[in-house]
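This report describes selected features of one protein chain for a reader who is new to structural description. Please consult the sequence and the structure while reading.

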Amino acid sequence: MKNLPRKILCVGECMVEMAPREDGAYTRGFAGDTFNSAWYLARQLPDDFTVDYFTGAGTDTVSDEMLAFMNEAGVGTASIRRIEERTVGLYMIALKNGERSFSYWRGQSAAKLLAEDPEALAQALAGRGLVLFSGITMAVVNEEHRATLLKKLAEARAAGTVIAFDPNMRARLWPSREVMAETIMQAAAVSDIVLPSFDEDGAVFGDENPQATIARYRAAGVKTVIVKSGPDTIFAEDEDEGPVTFKPTPSDNVVDTTAAGDSFNAGLISALMTGAPLVEALAKGSALSARVIGARGALVDV
């Protein structure tokens, strides 16, 4: 990936995050799966890379504050759509023994309309070295706009952009398990890199093991499949490098697993974009994720 344009775009929804503090109060921030990856990518990549975000935002104060936060973090916002009478979604984290659960409020989220304007979407995607999106991106986007998003991603891929996709399945966002599974595979079919988690894919698709997950995505035309399994061995396969495995070093300080996968994706992509072989990229993604889960909240200074 070393000769690709040094321009990365992450596509999805950024929300207001209410994260619990040790004293029982909450800290307000901004986060969301693909934005979390963008935030970490901006810190992991050399200065000659640019990292931008594409979503929908309102024209209200909290939307202004979200975009200001992104810019301050080094994540570009120039292509974000501003939509009147819409705002930013909100979620609240609950923690129990380091594991998190979420409550969401996203009825008026402007991100639902991020693919409403095909031309704006195409312009945002143009000239990128890599674009990252997720199953949450697909779930949040209005159903009538999903085909537009997939079409424009396929066109960007045909023009030379590497498309990376994290299935990141959240059943509560979908009308049915069947629609979720079908859409995930449609998204994988326009992607070069797919980053599933075996605990999700195995349950939804009936994969017996990570190798079966790899085979299913490779059969859909995916060039590189990386199956995450929490602290367990990562199984991967690349069309050039072949099968690769990596055993992460177990973390003895699990405080909050929020953004564990998002930060892994950022570490891995940053390594691949600077020419590292896959096994080194897996190591970098795992090391970054281990540092992130040792602190509270999605965005951790590392």
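In which hand does helix 3 cross helix 5? Helix 3 passes helix 5 in a right-handed crossing. The model under discussion is a predicted one.

**Two packed helices**

Two packed helices are described by the angle between their axes and the distance between the axes. For helix 3 (residues 118–125) and helix 5 (residues 146–158), the angle is about 35° and the axes lie 10 Å apart. Helix 3 contributes Pro118, Leu121, Ala122 and Leu125 to the contact, while helix 5 contributes Thr148, Leu149, Lys152, Leu153 and Ala156. By class, the residues of this contact comprise 7 nonpolar, 1 polar and 1 charged.

**Strands and their pairing**

Strand 2 (residues 15–20) is mostly covered, as 6 of its 6 residues are buried. This strand has pairing partners in strand 3 and in strand 8. Strands 2 and 3 also form a hairpin, with 5 residues between them. In the turn of that hairpin, Gly24 has a positive phi of about 95°. The table sets out three strand pairs, with one pair of opposite residues for each.

| Strand pair | Sense | Bridges | Opposite residues |
|---|---|---|---|
| Strand 2 (residues 15–20) and strand 3 (residues 26–31) | antiparallel | 6 bridges | Met15 and Ala31 |
| Strand 2 (residues 15–20) and strand 8 (residues 90–96) | parallel | 3 bridges | Val16 and Leu90 |
| Strand 12 (residues 193–194) and strand 13 (residues 224–227) | parallel | 2 bridges | Ile193 and Thr224 |

Strands 12 and 13 belong to an open sheet of 9 strands, whose order is 6-4-1-10-11-12-13-14-15. The pairing within this sheet is mixed. Its edges are strand 6 (75–76) and strand 15 (242–246), each of which pairs on one side only.

**Nonpolar cores**

In soluble globular proteins, nonpolar side chains tend to be buried together. The largest nonpolar core of this model has 58 residues. Within that core, Ile8, Leu130, Ile226, Leu268, Ile269 and Leu282 touch the most other members. Helix 9 (residues 260–273) gives the most to this core, with 7 residues.

Which residues does Ile8 touch, not counting residues up to four places away in sequence? Its contacts on that basis are Leu41, Leu45, Phe49, Thr50, Val51, Asp52, Arg128, Leu130, Ile269 and Met273.

A second core, separate from the largest one, has 35 residues, including Leu9, Leu121, Trp174 and Ala187. Leu121 of helix 3 thus appears both in this second core and in the contact with helix 5.

Notes. Residues numbered from 1 in each chain as written. Predicted model: local features only at pLDDT ≥ 70, side-chain atom pairs only at ≥ 80, totals over all residues. Heavy atoms only, no water. Buried < 20%, exposed > 50% of the residue type's maximum accessible area, 1.4 Å probe, protein only. Helix = DSSP H or I, 4+ residues; strand = E, 2+ residues; numbered from the N terminus. Pairing = 2+ DSSP bridges. Axes fitted to C-alpha atoms, helices over the stretch in contact; angles between N-to-C directions. Left-handed = near helix turned anticlockwise from the far one by under 90°. Contact = heavy atoms within 4.5 Å. Nonpolar A, V, L, I, M, F, W, Y, C, P; charged D, E, K, R; others polar. Core = buried A, V, L, I, M, F, W, Y, C linked by side-chain atoms within 4.5 Å.
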